[in-house]
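Dear colleague,

I am passing on the structure we spoke about, with the sequence alongside. Please have both open while you read the notes below.

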Amino acid sequence: QVQLVESGGGLVQPGGSLRLSCAASGTIFRIYNMGWYRQAPGKQRELIATITSGGSTNSADSVKGRFTISRDNAKNTVYLQMNSLKPEDTAVYYCNAQIARTVVGGPLGYWGQGTQVTVSS
């Protein structure tokens, strides 16, 4: 079994900051790409940022310059530092990881349970 557990969401005022964490646990041989997605009410889930095992990152234009993705491979954890938050950033944030559970198996995609981020005054 593999689990992704997110933490760090909450209510923040516009212009504020939050840091999300997502820790993977269970039977893990190797973690490949990790990423963050979000889904606002009535909208499709959208990709926010990704990071490879080597640390290369990509992010959506809507969060460039405000959000930073990072990871700690020793802790099997990915982070999302969110600064200058706006009301339109309000959504449920999900982490995703491509994980191989054995040396012979290919990677499969796993999702966290989601954490609510609300930006409001």
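What follows is a short account of one sheet, some of the residues in it, and a patch on the surface.

Please keep in mind throughout that this is a predicted model.

The sheet. Four strands make up an open sheet, arranged in the order β1-β3-β8-β7 and paired in antiparallel fashion. Its edge strands are β1, covering residues 2-7, and β7, covering residues 67-72, each of which pairs on one side only. On average, and with direction ignored, neighbouring strands of this sheet are turned by 15° against each other.

The β1 side. Strand β1 is joined by six bridges to β3, which spans residues 18-26 and runs antiparallel to it; within this pair, S7 of β1 stands opposite S21 of β3. The two faces of β1 can be told apart, since V2, L4 and E6 belong to the covered face, while Q3, V5 and S7 belong to the uncovered one. Strand β3 also holds A24, which counts as buried because its relative accessibility is 7%, under the 20% cut-off for that class. Leaving aside residues up to four places away in sequence, A24 touches Q3, L4, I31, N76 and I99. By contrast, the C-alpha atoms of A24 and R66, which are 42 residues apart along the chain, are separated by 25 Å.

The β7 side. At the other edge, six bridges join β7 to the antiparallel strand β8, residues 77-82, and I69 stands opposite L80 of β8. R71 also has its place in β7, and you may wish to look at this arginine with some care: is R71 buried or exposed? With a relative accessibility of 16%, R71 counts as buried, because the limit for that class is under 20%. Its contacts, not counting residues up to four places away in sequence, are with I31, Y32, N33, M34, I51, T52, S53, T77, V78 and Y79. For one of these, S53, the C-alpha atom is separated from that of R71 by 8.3 Å, although the two residues are 18 apart along the chain.

The surface patch. F29, V103 and V104 together form a nonpolar patch on the surface, with about 350 Å² of accessible area between them. Of these residues, V104 lies in the loop between β9 (91-100) and β10 (108-111), and V104 is classed as exposed because its relative accessible area is 77%, over the 50% that this class requires.

With best wishes

Notes:
Residues are numbered from 1 along each chain as its sequence is written. This is a predicted model: local features need pLDDT of at least 70, side-chain atom pairs count only at pLDDT 80 or more; totals for chains, interfaces and linings use all residues. Side-chain values use heavy atoms; hydrogens and water are left out. Two strands pair if DSSP finds at least two bridges between them. Axes are lines fitted to C-alpha atoms, for helices over the stretch in contact, and angles run from 0 to 180 degrees between N-to-C directions. Patches are made of residues with over 30% relative accessible area and no salt bridge: like charges are joined within 9 Å, nonpolar side chains (Val, Leu, Ile, Met, Phe, Trp, Tyr) within 5 Å. Accessible areas come from the Shrake-Rupley method with a 1.4 Å probe; for residues, only the protein chains shown count as cover. A salt bridge is a side-chain nitrogen of Lys or Arg within 4 Å of a carboxyl oxygen of Asp or Glu. Buried means under 20% relative accessible area, exposed over 50%, partly exposed in between (1.4 Å probe, protein chains only). Contact means heavy atoms within 4.5 Å.
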